[in-house]
Amino acid sequence: MNPARPLDQAPDIDDEGPDLKRRALLTQATTAAGGLALAGAAVPFVASLLPSERARAFGAPVKVDFGTLAPGELRTVAWRSKPVWILRRTKEMLASLDTDTRLLADPKSQVTTQQPDYARNESRAIRPETFVCIGLCTHLGCIPNYFPQPGSVGGDWPGGFYCPCHGSMFDLAGRVFKGVPAPTNLVVPPYTYTGAESVLIGADSPKET
Ligand code: FES
């Protein structure tokens, strides 16, 4: 792997403008991540949480108890034959969302098709500490890899999701970076809480719509 050049050696934003600095980040991150993609942890499906084949065929809502999720851990379940991520975000992860939003294509979730109204906020979630998202890249539908550690993809990588297919990058709220093939943020499905640590994916709550 070619180590990414630190951003402090990249062209200064004041000298060359935000676009060039952004391009430097994305170029470095893409180069570094190309080597890291194979090392990215595969996200296993949790067989015990899969709904029945019949329920899936009808797209029935899926209840997920995530009380055993450790801070920073990501779990994948199936809903309508799609992978849905449940991520228990740490305070540090939430803080990473409050960074330079000029790098993001849609930091305020203005593309309304990508999430329910109750997830149109900075964390793109009903409760910030729990992120629920369809784990399919909005370019051509590959499953991005989870790289939570800052710097793990190179440059000023804040932690997030990297799609190895064509290099699209998303932060820990599924917000897409500028200058990558994916046109929009990752999709947040309808969901509602059924308990302190359980959600029903595929159903809106009247209280939250
Ligand atoms: S499918 Fe993800 S970048 Fe193309």
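**Exercise 1. Decide whether W85 is buried or exposed in this predicted model.**

Solution. Start with the cut-off: a residue counts as buried if 20 or more other C-beta atoms lie within 10 Å of its own. W85 has 21 other C-beta atoms within 10 Å, so W85 is buried. Next, place the residue: W85 belongs to strand β3. Then list its contacts, leaving out residues up to four places away in sequence: W85 touches L74, T76, C133 and G135. Finally, check a pair far apart along the chain: W85 and V188 are 103 residues apart, and their C-alpha atoms are separated by 9.5 Å.

**Exercise 2. Describe the largest nonpolar core and state which elements give two or more residues to it.**

Solution. The largest nonpolar core holds 41 residues. Those with the most contacts inside this core are V84, F131, V132, C133 and I201. The elements that give two or more residues to the core are β1 (62-65), β2 (74-79), β3 (82-88), β4 (130-134), β5 (145-147), β6 (160-162), β7 (169-171) and β9 (198-201). Take F131 as a case: setting aside residues up to four places away in sequence, F131 touches L87, R89, A125, L172 and A173. As background, nonpolar side chains tend to be buried together in soluble globular proteins. For the chain of 209 residues, the buried share is 36%.

**Exercise 3. Work out the strand order of the open sheet of three strands and explain why β5 and β7 are each left with one side without a neighbour.**

Solution. The order is β5-β6-β7, and the pairing is antiparallel. β5 and β7 stand at the edges with a single partner strand each, so one side of each has no neighbour in the sheet. From one strand to the next, the twist averages 25°. Now look at one pair: β5 and β6 are joined antiparallel over three bridges. Within this pairing, N145 has Y162 in β6 as its bridge partner.

**Exercise 4. Find which residues of β1 lie on its covered face and which on its uncovered face, then identify what stands opposite K63.**

Solution. The covered face of β1 carries V62 and V64, and the uncovered face carries K63 and D65. In a regular strand, side chains alternate between the two faces of the sheet. β1 runs antiparallel to β9, and four bridges join them. Opposite K63 stands L200 in β9.

**Exercise 5. Give the number of helices and strands, and their pattern along the sequence.**

Solution. The chain has three helices and nine strands. Along the sequence the pattern reads α-α-β-β-β-α-β-β-β-β-β-β. Of the contacts between residues at least 6 apart in sequence, 62% join residues at least 24 apart.

Conventions:
Residues numbered from 1 in each chain as written. Predicted model: local features only at pLDDT ≥ 70, side-chain atom pairs only at ≥ 80, totals over all residues. Core = buried A, V, L, I, M, F, W, Y, C linked by C-beta atoms within 7 Å. Buried ≥ 20, exposed ≤ 12 C-beta atoms within 10 Å, placed from the backbone. Contact = placed C-beta atoms within 7 Å. Pairing = 2+ DSSP bridges. Axes fitted to C-alpha atoms, helices over the stretch in contact; angles between N-to-C directions.
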